[in-house]
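Q: Please walk me through this structure. For each label, give the rule first, then the value.

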Amino acid sequence: MTSHDSEGAPKTKAERLADLLRAEIQNEHLGDGEPVSGERATNRELDDAIDALLRSIEVPVRRDFQVQLTQRVRSLMEVRRWTLPQLLEIRRAVSSVSRAQLAEQLKISESEVGALETGAIPLWKAPLDPVGLAVRWIKSLGVDAAQAKRATLRLLPRAPAPAFSSTASTRDYEEAANFVRLLTESLDQIMNVEGS
Amino acid sequence: MSQPLNRGEWMNDDELIQALINGDEAAGVFLVSRFAPRALGYCRLIAPDVSETDRELLCEKAVETAVDKIDHFDSTRGSFPAWLRGILRNELRAWRRKSIPVTDIPEGGISVPTNERASDQEDLRAEEVVSELLGQLAVSDQLIIRLRDLEGLSYGSIADALGVNEAACRQRHKRAVERLKDLADSRQTPRPKGGSQ
């Protein structure tokens, strides 16, 4: 077994472990299958060896898929930037507002508020502008309107303004729903931490 | 003058994860470009019966979950790709549970378990024991068992990844499992004399 790769660089432990397994399998028919090496490895080193073996399974991904996933990851990271005091403040505001009051403030039905709270928002069924709804929702939680608008526009995809007009697509509504879902999940996580 | 390094080239996995935890937006972009192709490839191997659209959805959910729970990732316990594959397997299990068509279950087709289900604590103990026993096996035995039983790869996929014969893979795995069973048997405490069978 060589201790260097094809370009002459020393092999990593992960690569050596993968080689070891490969060699033992290739020699399987020669003996009784007893492992020949006394090498030891940590869990992390075993993981790395498997990662090295599985690197060959990479497949090209669709451009649309990659763009959409990147946007979702960006949104998630944006939500992570909300500070703990900000999130706690929002959560307190949520606690002090009843569903009926929130529904009145948002000019939507109570059941839609319920859907907002759980993140399962059928926005595409409601004749609402996603940015407007998100801004109104955050504003109703006691956050300054300008701050709410900035946060919303940051969280929503950086699409050209016309996309958020009355002709907004289903995708725009889905993105807005995704934003609210992420924020709601963050709030829930904070509450779990707070309650533990 | 030397060329500036592309961040995607110099950043290893651990640095990338730390950047992600620190809120570096570029890290999110690199995360997707680095791991989405691997996650999708892995998903094709473990879920060949699932449509490509659903596999993309599963990968999307797994990456989202990984980013969301990134603070819980512990690099001393394993690598990030292994952690992501674990999340993906959980997403696949959840998806399969949801996707079971109820109408396909034949009348009387569900067997009622006769024994009481082991408690979570017993499950945890069993996991610890298996994990401890696995650690006593040779490295190559541990690798083949992990690839087949933890990562859920078929013998064909393992053979492809290693560039070896599928039958030899099957045989090597069988022997590794036998050695694990031997270890488990030798570990069992002897029954007290006169005890019930």
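A: Start with burial: buried means under 20% relative accessible area, exposed over 50%, and partly exposed in between (1.4 Å probe, protein chains only). This is a predicted model: local features need pLDDT of at least 70, side-chain atom pairs count only at pLDDT 80 or more, and totals for chains, interfaces and linings use all residues. Residues are numbered from 1 along each chain as its sequence is written, chains are lettered from A and ligands numbered from 1 in the order in which they are written, and side-chain values use heavy atoms, leaving out hydrogens and water.

Q: Why is Asp141(B) called buried?
A: Its relative accessibility is 1%. The cut-off is under 20%, so Asp141(B) counts as buried.

Q: What makes Asp141(B) and Arg172(B) a salt bridge?
A: The rule asks for a side-chain nitrogen of Lys or Arg within 4 Å of a carboxyl oxygen of Asp or Glu. Here the N to O distance is 2.6 Å. The pair links distant parts of the chain: Asp141(B) sits in helix H7 (residues 139-150) of chain B and Arg172(B) in helix H9 of chain B, 31 residues apart. Helices here are DSSP runs (H or I, at least four residues), strands are E runs of at least two, and both are numbered from the N terminus.

Q: What does Arg172(B) meet in chain A?
A: The side chain of Glu24(A) forms a salt bridge with Arg172(B), at 2.6 Å, N to O. Glu24(A) lies in helix H1 of chain A and Arg172(B) in helix H9 (residues 166-187) of chain B, so the pair joins two chains. Glu24(A) has a relative accessible area of 8%, so it is buried. Arg172(B), at 0%, counts as buried. A network of salt bridges links Glu24(A), Asp141(B), Arg172(B) and Arg179(B).

Q: Is Arg62(A) buried, exposed or partly exposed, and what does it pair with?
A: Arg62(A) has 44% relative accessible area, so it is partly exposed. Its side chain meets that of Glu56(B) in a salt bridge of 2.7 Å, N to O. Glu56(B), at 8%, is buried.

Q: How many salt bridges cross between the chains?
A: The rule finds 6 across the interface of chain A and chain B. Over all chains, the count is 19.

Q: How much area do the two chains bury?
A: About 5,100 Å², with 59% of it on carbon and sulfur atoms. Buried area is the accessible area (1.4 Å probe) that two parts lose on being put together, summed over both. The contact (heavy atoms within 4.5 Å) takes 52 residues from chain A and 61 residues from chain B.

Q: Why is Cys43(B) in no disulfide?
A: A disulfide needs a pair of cysteine sulfur atoms within 2.5 Å. By this rule the count is 0 over all chains. For Cys43(B), the nearest cysteine sulfur, that of Cys59(B), is 4.5 Å away. So the pair fails the cut-off.

Q: How confident is the predictor in chain A?
A: pLDDT, the predictor's confidence in each residue, runs from 0 to 100. Chain A averages 61, and 32% of the residues score at least 70. Among the elements of chain A, helix H2 (residues 43-54) has the highest mean, 87, and helix H4 (residues 84-96) the lowest, 44. Over residues 119-131 of chain A, pLDDT stays under 50. Where pLDDT is low, the predicted coordinates should not be read in detail.
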